[in-house]
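Take a look at the hydrophobic interior and the aromatic rings of this protein.

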Amino acid sequence: PPMFRAALLSLLVVASFAPAADTHQVKLNGHTFTLPKGFTIEVAAGADMAPRPIVAAFDEKGRLYVCDSSGSNEKTAIQVEKKPHRIVRLESTKSDGKYDKQTVFVKNVMFPEGAMWLNGSLYVAAPPHIWKFTDTDNDGVADKEEIWFDGKTLTGCANDLHGPYLGPDGWIYWTKGAFAKQEYTVNGKKFSTRAAHIFRARPDGTGIEPVMTGGMDNPVDLVFTPGGDIIFSTTFFQNPRDGKRDGLIHAVYGGVYGKDHDVVYEHAWTSPQLMPPMTHMGPAAPSGLHRLESGEFGAEYANNVFCCQFNLRKVSRHVLVPTGSTYTTKDSDFVVSDNLDFHPTDVIEDADGSLLIVDTGGWYKLCCPT
C-alpha cells in the first residue's frame, strides 16, 4: 500500500466547500478514489519504500520518517519481545515530492503508534514506551535509543498509548487508552487511574499531568486549533447505539468524557454529566488527525481538520464552527477509496501544503478493525 498525496491540480483553482455532487474520481493503484473537484491524488511513496506504513513525521530538512509494520498480528506480549517492526527515513532526491530513497532509521521497534520530530530526535509511541531515537553521526541510522516515557502497561490491543504530539505550549502530549491501571505523581500527589486520558509533560519529562479524563477505549490523535483548543479522535466515546460510537471530541482541560464506564467514576467531576462529543462518526475507527496549517487549498479550507477513518476507507473533512464555548462541525468526505484494503492511518501536511495520506493496507487484524 503506497502513501498518497492529495494536492490541488492548480493553484488557480478556487477550492470551495464541496457537496457530494461536486466530486470526481481518480483511478490509481487498484483504487478508485472519489475526491472534491479541483483536487487530484498521486503516489508519493510506493510499497517499495514502506510496505505497511502506519504513521509518519517530517524533520526540519523535509525527510520523512515512516513507521513501517512487519505485518505481525502476534500477541502484544510476543511483539514487545521481538520488536518486529521498523522505522524508515524517506527522501525525495529530485525534490519533486516523490520519495525515492530509503534508509532504515530504526531496525527493530515494538508496534509503533505515533511519531513526532523534535529538536533533532524522533519520538515514537511503541507501547508501553515512548522512545526517543537520535542519529548522532548523521548517517541516517539512529544510534541512540532512549526511553522517554514508560507507561508500564501493555494490554492485548496495545491501545495503551498513542503519540506523542507537540503542543503550542512546547509541552509533549500523548494519549492513554485501554483500561489498565497506571500510577503517577501529579503535582506532588499520587495519581492512580484506569481511565483514558490525554497526558502532557515538559520535553524533559517533568510536570506530567492529565489534561482530559474519559471512558473511551482508544483516544488516538490530537490537534490544536490556532487558539490552543484540543480536538482528538477516539473510538467508543459511547456504547454503540443509533449509528453512533466513534468520533471527535473537543477536550476541555479537566473535562470528563464518555463512554459511561466505571473507570470515570474514580475521578472528580465538575459537571453533573459526562461532557458531550463534538462529531459523531459511527464505527469508523478514527485514527490520524491533522489541522490544515497552510493556505494552499484556499480560504474555505483554512484550519479544517482532516481525519482518517480506518474502517470506512476514507479521510473526512471537518470545518470547525464556533458554537458557544465549543464547536460544531460541517462534515464531508475528502478522499474515499472503493478498495476494501484501503485503511488510512495517518494524514500529515507536506511543506508544499499538500496532504500525505498514509494507507497501511489490510494487514492489521488485532481487536476492533473491520
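The paragraphs below go through the nonpolar cores, then the aromatic contacts.

This is a predicted model. Its largest nonpolar core has 25 residues. Ile87, Phe105, Leu122 and Phe133 touch the most other members. Several strands supply this core with two or more residues: β5 (53-58), β6 (64-68), β8 (101-109), β9 (115-118), β10 (121-126) and β11 (129-134).

Phe105 shows how these parts meet. Neighbours within four places in sequence are left aside here. Phe105 then contacts Ile87, Leu122 and Phe133. Its other contacts include Tyr65, Val88, Arg89 and Asp135. Gly140, Val141 and Ala142 are also in contact with Phe105.

Another core lies apart from that one. This core has 18 residues, among them Leu28, Phe297, Tyr301 and Cys308.

Now the rings. The structure holds 23 aromatic pairs. One of them joins Phe297 and Tyr301, with ring centres 5.8 Å apart. Their planes stand at 90 degrees, so the pair is edge-to-face. Are these two residues buried or exposed? Phe297 has a relative accessible area of 2%, so it is buried. Tyr301 is at 1%, so it is buried too. The cut-off for buried is under 20%.

Tyr301 has a charged partner as well. Arg317 lies over the face of Tyr301, 3.7 Å from the ring centre. A further case involves Trp171: the charged end of Arg200 sits over its ring, 5.2 Å from the centre.

Last comes a cluster. Tyr123, Trp148, Phe149, Trp174, Tyr184 and Phe199 form one aromatic cluster.

Key:
Residues numbered from 1 in each chain as written. Predicted model: local features only at pLDDT ≥ 70, side-chain atom pairs only at ≥ 80, totals over all residues. Heavy atoms only, no water. Core = buried A, V, L, I, M, F, W, Y, C linked by side-chain atoms within 4.5 Å. Buried < 20%, exposed > 50% of the residue type's maximum accessible area, 1.4 Å probe, protein only. Helix = DSSP H or I, 4+ residues; strand = E, 2+ residues; numbered from the N terminus. Contact = heavy atoms within 4.5 Å. Phe/Tyr/Trp six-rings, centres within 6.5 Å; stacked < 30°, edge-to-face > 60°. Lys NZ or Arg CZ within 6 Å of the ring centre and 35° of its normal.
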